[in-house]
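Please open the model in your viewer and keep the selection panel at hand, as this tour goes from one selection to the next.

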2 protein chains.
Amino acid sequence: MLDSQPDAPADALIRGAGLRVTTTRVAVLEALRARPHATADDVFARVSGTLAGTSKQSVYNALGDFADAGLARRIEPAGHSGTFELRVGDNHHHVVCTGCGRIDDVDCVVGAAPCLHVPEGSGFVIETAEVTFWGVCPDCRAESEAEKPRGSR
Amino acid sequence: MLDSQPDAPADALIRGAGLRVTTTRVAVLEALRARPHATADDVFARVSGTLAGTSKQSVYNALGDFADAGLARRIEPAGHSGTFELRVGDNHHHVVCTGCGRIDDVDCVVGAAPCLHVPEGSGFVIETAEVTFWGVCPDCRAESEAEKPRGSR
DNA sequence: GTGTCATTTTTGATTCATTCAAAAATAGGT
DNA sequence: ACCTATTTTTGAATGAATCAAAAATGACAC
């Protein structure tokens, strides 16, 4: 269940997750390795280069199967479409650029998973805590500074 | 900009936010007061009772205008559609029930906004930190325990 | 290796939330 | 009461994701 050997060959990982090894799945896994935060569209764009007759539906299938099998995780920052990552089983969070949408990982800064104080008195039994930071990435910052060179506003 | 008088009459709030006062907007605001975490559909269902000829589009308009004016905030937990709340200007987070989708507020437990340590070294300039807790609400817990009475898993 | 069957992929249509756009209605200052 | 910019209505369009049935394929037993 846990991604114990993240660098193992794609087919071993897929088989280890209890899934059949297919060309589509291998290609999707490689695509996720090449782009650690990818949407179904991103993945499809990449795999359709090598696999000729692939469909977006197959990519959705593979990504969904990976997520179900615990091989991948699906995140969905507000205003973004579903995004997948292979880094699972640890506790980490995300920074999302409000300019370009770039997503980076953020290691948990406080403690172990879930890294936050669980709200008490709500009556909820908390399973996970998800933290999303919103900000501006270096590239977008450089770009916006190029537009208004003075330390204006 | 800040929701300085959350209990003021609806029309005063709307006008104070720089928006024209219309029956639609008043009704939408009241609906948000009655249901502090409502989707556009929720709001439409409620206002269409009193306002006969309203359209969902008008609700989207009003909610969008409220959000732009800082009167309301739009959140979007993964797998949920856009949800609006009137509580703005403070720093609070959310618990989402994985069973029924119910959303409750959670006061910031660590400190002031943004209530978390900002990740360093990422190069991002962080603007906000958003925390979402996922868990099971009391109602859903009671229901699932009714199904399997024994302390079974 | 071959056959078999469950799983996977393909193809195509469908749903849902949301946005776009143009015409009709309305708020609020003059 | 009038005028004009804003808002609402109406209807269509988009994009992400899901559903469903038929065709293809992986992996096991023989």
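A residue counts here as near a strand of DNA if its C-beta atom, placed from the backbone, lies within 6 Å of that strand. Please bear in mind throughout that this is a predicted model.

Begin by selecting DNA strand C together with the residues around it, which number 26, and then highlight those that come nearest, namely Thr24(A), Gln57(A), Ser58(A), Ser81(B) and Gly82(B). If you now colour by element, you will find that α2 (23–34) and α4 (56–69) of chain A, along with α3 (40–50) and α4 (56–69) of chain B, each give two or more residues to this surface. Colouring by class instead shows 15 polar, 6 charged and 5 nonpolar residues on the surface near DNA strand C.

Next, hide the DNA and select the contact between the two protein chains, to which chain A brings 32 residues and chain B brings 32 residues. On the side of chain A that touches chain B, the elements supplying at least two residues each are β4 (92–97), β5 (103–107), β6 (125–136) and α5 (138–147). Which of the elements gives the most to this side of chain A? It is β6(A), with 12 residues. By class, the side of chain A that touches chain B is made up of 19 nonpolar, 8 polar and 5 charged residues.

Stay with β6(A) and add strand β6 (residues 125–136) of chain B to the selection: the two strands run antiparallel and are joined by 11 bridges. To look at one position in this pairing, pick Glu130(A), which stands opposite Thr132(B) in β6(B).

Now move to the open sheet of chain B, in which 3 strands are arranged in the order β1-β3-β2 with antiparallel pairing. Because β1 (38–39) and β2 (73–75) of chain B stand at the edges and each have a single partner strand, one side of each is left without a neighbour in the sheet. Between β2(B) and strand β3 (residues 83–85) of chain B you can trace 3 bridges, and within this antiparallel pair Arg73(B) has Glu85(B) in β3(B) as its bridge partner.

Finally, select Ala31(B), which lies in helix α2 (residues 23–34) of chain B. Is this residue buried or exposed? Ala31(B) is buried, because 22 other C-beta atoms lie within 10 Å, where 20 or more are required. Leaving aside residues up to four places away in sequence, Ala31(B) touches Ala38(B), Val43(B), Arg46(B) and Val47(B). As a last step, draw a C-alpha to C-alpha distance from Ala31(B) to Cys140(B), which gives 25 Å in space for a separation of 109 residues in sequence.

Note on methods. Residues numbered from 1 in each chain as written. Chains lettered and ligands numbered in written order. Predicted model: local features only at pLDDT ≥ 70, side-chain atom pairs only at ≥ 80, totals over all residues. Helix = DSSP H or I, 4+ residues; strand = E, 2+ residues; numbered from the N terminus. Buried ≥ 20, exposed ≤ 12 C-beta atoms within 10 Å, placed from the backbone. Contact = placed C-beta atoms within 7 Å. Nonpolar A, V, L, I, M, F, W, Y, C, P; charged D, E, K, R; others polar. Pairing = 2+ DSSP bridges.
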